[in-house]
Amino acid sequence: GDVSHKRLLNADKEVGNWLTHHKNFEAHRFSKLEEVNTKNVKNLSLAWTFQLGGIQAGGIWPHGGLEGTPIVEDGIMYVTDGWGSVYAISVGDDKGKLLWKMDPETDKDWGGAVACCGVNNRGVALWKDKIVSHTLDGRLIVANKATGKIEWEKEVADPSVGETLTAAPLVVKDMVITGVAGAEYGIRGWIAATDLSTQKELWRTYTIPKPGEKGSETWKDDYDAWKNGGGSTWVTGSYDAETNMILWGVGNPGPDWDNEFRPGDNLYTNSVVALDADTGAIDWHFQYTPNDPFDYDGVNENVLVDTKIDGKKRKVMLHANRNGFAYAIDRATGEFLWGKPFVDRLTWTPGLDSKGKPVAYKPNQDVQHYAGQTAASRTNKEGVSCPGNMGGKNWPPTTYNPEAQLWYIPVIESCNTQINEETKPGTWQAREWWTGGGLKQHEQITGSVAAVDPKTGKVVAKHHTQYPQLGGLVSTAGNLVFVGNPDGRLSALDGKSLEELWSFETGAGLNAPPITFSANGKQYVAIMAGLGGAWPKWFVDGTKGLEKIEPSSTLYVFSL
Ligand SMILES: O=C(O)c1cc(C(=O)O)c2c(n1)C(=O)C(=O)c1cc(C(=O)O)[nH]c1-2
Ligand SMILES: [Ca+2]
């Protein structure tokens with residue numbers, strides 16, 4: 001059927017479907033299905049598999065990976081591979097049968113040469129009788145849902161200046177919202193809305209203000225650092241229908257490790273921005289890590305939750321940042337409510353103050369060094385910070401179980417060494433790295449799944465894992481949390497104790513979020529297996545054993 005705005009607003013009522021990237025506009029990634037539950041999950045077994053493609057090399061990458069969230073509507077699943085091919089697969093009768101494949105013929109070298117962190121495509125969106133998708137080489141594609149035939153396409157991001165598309169599109173009303181990647185290549189980030197009926201761009205809001213605009217006073221250099229200021233938007237945001245606001249995360253400033261190049265707080269990098277959905281105007285913002293020297297990209301998803309804080313009913317936005325703190329923010333005003341660490345080790349600030357700013361932040365200083373020797377700088381060439389620069393949590397999504405009132409975070413437990421190289425004004429070159437340094441992985445990275453109480457931010461349970469969490473989570477009314485590990489193990493945890501109740505060895509690296517859906521009245525759990533992302537290039541030294549994982553591209557589906 002047609003996917004209308006009304007259906008997306010009521011996505012939770014379509015219990016067996018998974019209609020939008022984060023399951024609902026509130027980004028809960030929670031399923032009301034309970035056929036599979038803590039009592040019987042031990043009997044969960046493989047139902048079918050499907051071999052996808054997209055493993056080819058391109059640009060700086062030796063192979064593609066799978067990071068997508070499958071979308072499921074009425075017996076059909078839509079998934080993408082890293083190069084942006086879309087597959088429609090039957091999940092009802094004819095389970096695992098390919099209905100069509102749309103190959104957008106992505107220019108692999110063109111896009112892949114400016115993809116900082118892997119051949120990534122995180123999935124599709126549904127609108128009316130169409131499938132909406134992105135490609136790494138910058139295109140927005142609208143295809144026919146029944147046939148996969150491309151109806152129109154448009155270049156919305158420009159790889160000639162280092163812009164790529166890795167985030168899944170978000171459809172709100174009759175528009176598609178696109179976020180961009182490329183902060184490590186010195187782009188000027190944006191969020192754009194395209195009218196799906198007219199193909200016209202409705203608005204494009206830059207995340208880095210130009211001189212004279214509000215926030216431009218936080219770029220204090222005199223050589224136009226803002227033009228290459230980063231602030232990409234490569235993780236899909238959420239939509240608050242009540243306020244008609246889009247809440248979207250903004251990434252790191254560039255150059256990453258030479259913050260002296262860009263004195264000032266560098267708005268709106270490492271922030272959440274609340275945009276009027278109809279105009280794109282920024283209503284409020286909250287910045288997590290001002291003048292960031294750590295690459296603590298603030299793009300992670302924003303989870304809309306109604307809860308009680310200090311005895312008062314609040315409509316909040318929960319966010320687990322790369323900097324190791326989880327935040328609750330009033331989603332209508334941007335007011336900070338609480339901020340608590342969810343990682344085992346956090347060294348760059350002793351904590352947050354009552355406004356949510358890091359205690360080690362010095363408001364009167366244009367260049368921030370944060371605590372001790374954690375930040376690399378022109379004088380302290382190497383800094384060691386915990387979390388490391390991949391963050392306490394990267395893009396892999398959290399999940400919120402509204403019945404248990406628990407929020408689960410896929411955690412990267414890490415520290416690393418970051419190295420400053422002085423950047424000289426006027427040296428930016430299109431499609432060249434703009435990082436102002438690099439990193440060393442001096443110790444092993446592990447992981448955990450943390451269960452957090454949304455009222456207080458307290459971590460109430462933690463399940464430690466040998467490897468970092470690179471795929472994300474889903475929670476269910478069966479009181480389960482499913483988690484895919486990069487060494488190939490998919491496991492089901494008890495939602496309360498986080499004890500592992502079941503696992504399955506895929507033999508392939510899991511780098512994508514699991515989902516659950518139902519077809520013909522039966523519940524299934526699905527995950528794509530194919531280790532890619534930032535890991536092979538940047539973090540392989542920190543995860544001994546994972547170098548043995550072969551590239552792969554397989555969809556796994558389980559049932560009782
Ligand atoms: O600033 C950016 O534009 C940008 C984009 C991406 C991306 O699009 O995948 C990543 C990052 N940054 C990044 O910092 C990062 O750690 C990262 C990890 C991954 C991944 O897929 O494993 N992507 C990205
Ligand atoms: Ca980044």
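Two strands count as paired here if DSSP finds at least two bridges between them. Keep that in mind for the exercises below, and remember that this is a predicted model.

**Exercise 1. How do strand 30 and strand 31 pair, and over how many bridges?**

Start with the positions: strand 30 covers residues 473-476, and strand 31 covers residues 480-484. Next, count the bridges: there are 3, and the pairing is antiparallel. That clears the cut-off of at least two bridges. For a concrete pair, take valine 474, whose bridge partner in strand 31 is phenylalanine 482. Finally, look at the turn: the hairpin has 3 residues between the strands, and asparagine 479 takes a positive phi near 60° there.

**Exercise 2. Which strand is joined to strand 31 by 5 bridges?**

That's strand 32, residues 489-494, and the two run antiparallel. Valine 483 gives you a pair to click on, with serine 491 as its bridge partner in strand 32. This hairpin has 4 residues between its strands, and glycine 488 takes a positive phi near 110°.

**Exercise 3. Is strand 31 largely enclosed or open, and why?**

Step one is the cut-off: a residue is buried if 20 or more other C-beta atoms lie within 10 Å of its own. Step two is the count: 5 of the 5 residues of strand 31 are buried, so the strand is largely enclosed by the rest of the structure. Step three is to sort by face. In a regular strand, side chains alternate between the two faces of the sheet. In strand 31, Leu480, Phe482 and Gly484 are buried on one side, while Val481 and Val483 are buried on the other. Both faces are covered, then.

**Exercise 4. In the open sheet with the order 15-16-17-18, which strands stand at the edges?**

The sheet has 4 strands with antiparallel pairing. Strand 15 (238-240) and strand 18 (282-287) each have a single partner strand, so one side of each is left without a neighbour in the sheet. From one strand to the next, the twist averages 20°. Moving inward, strand 16 (residues 245-249) and strand 17 (residues 271-276) are joined by 5 bridges and run antiparallel. One such pairing links methionine 245 to aspartate 276 in strand 17.

**Exercise 5. Find the backbone oddities around strand 16. Where do they sit?**

A bit of background first: most residues other than glycine have a negative phi, and most peptide bonds are trans. Now check the loop between strand 15 and strand 16, where you'll find asparagine 244. Its phi is near 55°, a positive value in a residue other than glycine. Asparagine 244 has 15 C-beta neighbours inside 10 Å and so counts as partly exposed.

Then go to the loop between strand 16 and strand 17, which holds proline 255 and tyrosine 268. A cis peptide bond joins glycine 254 to proline 255, with omega about -5°. Leucine 267 and tyrosine 268 are also joined by a cis peptide bond, again with omega about -5°.

**Exercise 6. Compare asparagine 520 and tyrosine 524: which is buried and which is exposed?**

Place them first. Asparagine 520 is in the loop between strand 34 (515-519) and strand 35, whereas tyrosine 524 is in strand 35 itself, residues 522-529. Then count neighbours. Asparagine 520 is exposed, with 10 other C-beta atoms within 10 Å, and tyrosine 524 is buried because 24 lie inside that distance. Asparagine 520 also has a positive phi, near 50°.

What does tyrosine 524 touch beyond its neighbours within four places in sequence? Its contacts include Ala47, Val91, Phe517, Val557 and Phe558.

**Exercise 7. Which residues are closest to ligand 1, and what classes make up its shell?**

Altogether, 20 residues surround ligand 1, the closest being Cys117, Ala181, Ala183, Ser232 and Gly533. Sorted by class, the shell has 8 nonpolar, 9 polar and 3 charged residues.

**Exercise 8. Zoom out: how many helices and strands does the protein have?**

The tally is 3 helices and 36 strands. Of the 560 residues, 62% are buried. The C-alpha atoms fill a box of roughly 65 × 50 × 50 Å along the principal axes.

Conventions. Residues numbered from 1 in each chain as written. Chains lettered and ligands numbered in written order. Predicted model: local features only at pLDDT ≥ 70, side-chain atom pairs only at ≥ 80, totals over all residues. Buried ≥ 20, exposed ≤ 12 C-beta atoms within 10 Å, placed from the backbone. Contact = placed C-beta atoms within 7 Å. Near = placed C-beta within 6 Å. Nonpolar A, V, L, I, M, F, W, Y, C, P; charged D, E, K, R; others polar. Axes fitted to C-alpha atoms, helices over the stretch in contact; angles between N-to-C directions.
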